[in-house]
Amino acid sequence: MHKKLYRLTYILPVVLILAFTSEKQDAETSEMNRFIDKLMEEMTLEEKIGQLTLFTSDMDHTGPFMREHYLDDIQSGRVGAIFNAYTAEYTRELQRMAVEETRLGIPLLFGYDVIHGHRTIFPIPLGETATWDMEAIQESARIAALEATAEGLHWTFSPMIDVTRDPRWGRIAESSGEDPFLTAQVARAKVRGYQGDNLKDLHTMLATAKHFAAYGAPQAGRDYHTVDMSELVLRNKFLPPFKAIIEEDIATFMTAFNDMFGVPATGSEYLLKQVLREEWGFEGFVVTDYTSINEMVPHGFARDNKHAGELAMNAGVDMDMQGAVYNDYLAELVAEGKVSERTIDQAVRRILIMKYKLGLFEDPYRYSDPQRKAELVMTEENLEFARDFSRKSIVLLKNDDNVLPLSDDVRSIALIGPMGDNQRDLIGSWSAAGDYTRSVTLRQGIINRQGDRTRINYTLGTTVLEEDRSGFPAALRAAAQSDVVIMALGEHYWQSGEAASRSSIDLPGLQEELFDEIVKLGKPVIVVLMKGRPLTLENVDEKASAILETWYLGTTTGDAITDVLFGDYNPSGKLPVTYPRNVGQIPIFYNARNTGRPESDSKFTSKYLDVSNSPLYPFGYGLSYTNFDYSDIRLNTSEIPMNGTLTASVTITNTGDRFGEEVVQLYTRQLVGSITRPLKELKGFEKIALEPGESKEVTFELTWKDLAFYNAKNLFRAEPGEFHLFIGTSSEDVKQTTFTLLE
Ligand code: BGC
């Protein structure tokens, strides 16, 4: 075929389809707008305020304050959305009240914290980020949505995309760690998984970007505490994931509890109007966090709840979670002229649009079908995915003398420690409707694989929360009688998550003392860690033969860890956060800026007297049972014009004798800038799989946008100049080259 004609025949149908699709979309939007206009014309002010109100049911408690009369509130149209209510039967019953017993019958929206799975529980978010596998993360969110929507839910309060550099803060468990770029990729993948392509699809749900903004940087790592940072740090480090997620058409944003520049986020016109709506063009609705309107009173920003309601509404908050402030005061505020009806209408419209897009006006019960639960929830397929996803989250922190993987023929294992045969902790915090009695413990996982082949001498040794040495002698006996010692240590599940800050991040209780006693026997000790945050592990690192970071892996924990222990899966996880040596180093993060006196042997430099500046384990770190060799970096050019594209390639070879996966990481550093620049910043990564002896070339492309940052005038610009470019296996172990960005 003639080349031009070929192109025409190829392009024409595509153009026609696109034109047709956009015409169809326009028609659908007009129809939706007509429907909502008509509905809003019929609504009283009270009914409108009801739509701006979200109350919890009593099925689950996620905050300090319960409202006893939420059923009356539904029946009287005082509430438009309910959270913490699930199951097809229960949501159907509540929906019936809203649809049949209120004047206009507007359906309820059901929200819930489906954070890392709904019934099938996946690794906590910090753990799932350690996979660096965006397809798998998207798939986990898709399955979570599949299960949650099958139980009547329309809306998840996830992803939590607060960048954090403070392991004392318990909610680091719910985050993707310290890096804005990695967090943004995870955020995008999760939103794609939850929302899919079409919200009307029965298996998709609204997602929430939370907590807007900078909630991950509380002073001293104490939850809900004050946040204070420069606008440059805010824009360059804490906002990028929120900005990125707008491109995924995220449906909702949740405000944060904290204040920022002295203004609580829930009353911040800067965040909610200027940044979110005007600069980023967000079109969905904004919900508060739990009673965060009311909390503007103790913050010292509002005189009383009524004043707080006025500030929140005028700042751009559409929905009040649990505070009842809009319910109690908005009508008065309108009568007094302090809030305009136009502002209220705008918020109501945003919420009704989401209900419309979910198809709730066509059939309010469409998600509440018990049959679907039976078909879709905790299926073999979901559990199989969970196991694979969980083992991908595991990070091998140490493996002296290749003590791992274990041989199939190991005759006896001493399994010691409070996490060895414990089901509850495994699903972590924010485990939605997860049933911990379904979770597979490590002991069970080993039995599942080894059966009678291996004797397991399991003993608790000590507990997490008590100072109890009574189990030490039995633990020492078990260790002495076994070929291999595995110690399963960690935190109680409520020691991380919300309201779970710790000033010490040592292994709690007497676990470390028990570890020291066992190590003295002189046998190799393999430590399996289960917990929600980096802990201070210098002593463990020094004495253990091998260490596996397994976070809280969820329902299939035991099987997933066993896969790694015995080499059925070669670990490929990499840390999404820096591990400090001690708590005094915090905050410690890889993308810090240099000082005028970088650390050296000389006294007057930026360092501690009692510990080095280096972390115990750096960001991006994680070992494998095989080895990967990196070639030098090849660039297409060493000078790129501002509108050009730099390509950087490396060849990676699996030099060991096992199949393995590697996360290839690219970092840059601009040497001189109009503001001081970080020592390294992650700009790209790729996870590859290599057979023994196999090589693969990995190529990254960078344009000015990847090198740009917010400058002192708050403009997003790339600046010409010299850069270092690094590619490697962690933020510290890299190859390096140089290039220049031209004017
Ligand atoms: C948390 C939110 C959560 C909400 C609803 C709050 O305490 O900060 O992350 O979505 O409760 O459960």
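**Backbone oddities in a predicted model**

Trp-430 is buried, with a relative accessible area of 15%. The cut-off for that word is under 20% relative accessible area, so Trp-430 at 15% falls on the buried side. I start with Trp-430 for its backbone: phi is near 50 degrees, a positive value in a residue other than glycine. On the chain, Trp-430 sits in the loop that runs between strand 12 (412-416) and helix 16 (442-450). Please keep in mind that what you see above is a predicted model.

Next, Thr-291. Here too phi is positive in a residue that is not glycine, with a value near 55 degrees. Where is Thr-291? Look in the loop between strand 9 (285-287) and helix 11 (305-315). Is Thr-291 buried or exposed? The relative accessibility is 8%, so Thr-291 counts as buried.

Now to the peptide bonds. Two items here.

Which residue is joined to Pro-159 by a cis peptide bond? The partner is Ser-158, and omega is about 10 degrees. To find Pro-159, go to the loop between strand 4 (155-156) and helix 7 (180-195).

The other item does not involve a proline: the bond from Phe-212 to Ala-213 is cis, and omega there is near 5 degrees. Phe-212 is the last residue of strand 5 (208-212), and Ala-213 belongs to the loop between that strand and helix 8 (231-238).

To recap, the positive phi values are at Thr-291 and Trp-430, and the cis bonds are Ser-158 to Pro-159 and Phe-212 to Ala-213. That is what I have for today.

Note on methods
Residues are numbered from 1 along each chain as its sequence is written. This is a predicted model: local features need pLDDT of at least 70, side-chain atom pairs count only at pLDDT 80 or more; totals for chains, interfaces and linings use all residues. Side-chain values use heavy atoms; hydrogens and water are left out. Helices (H or I, at least four residues) and strands (E, at least two) are DSSP runs, numbered from the N terminus. Buried means under 20% relative accessible area, exposed over 50%, partly exposed in between (1.4 Å probe, protein chains only).
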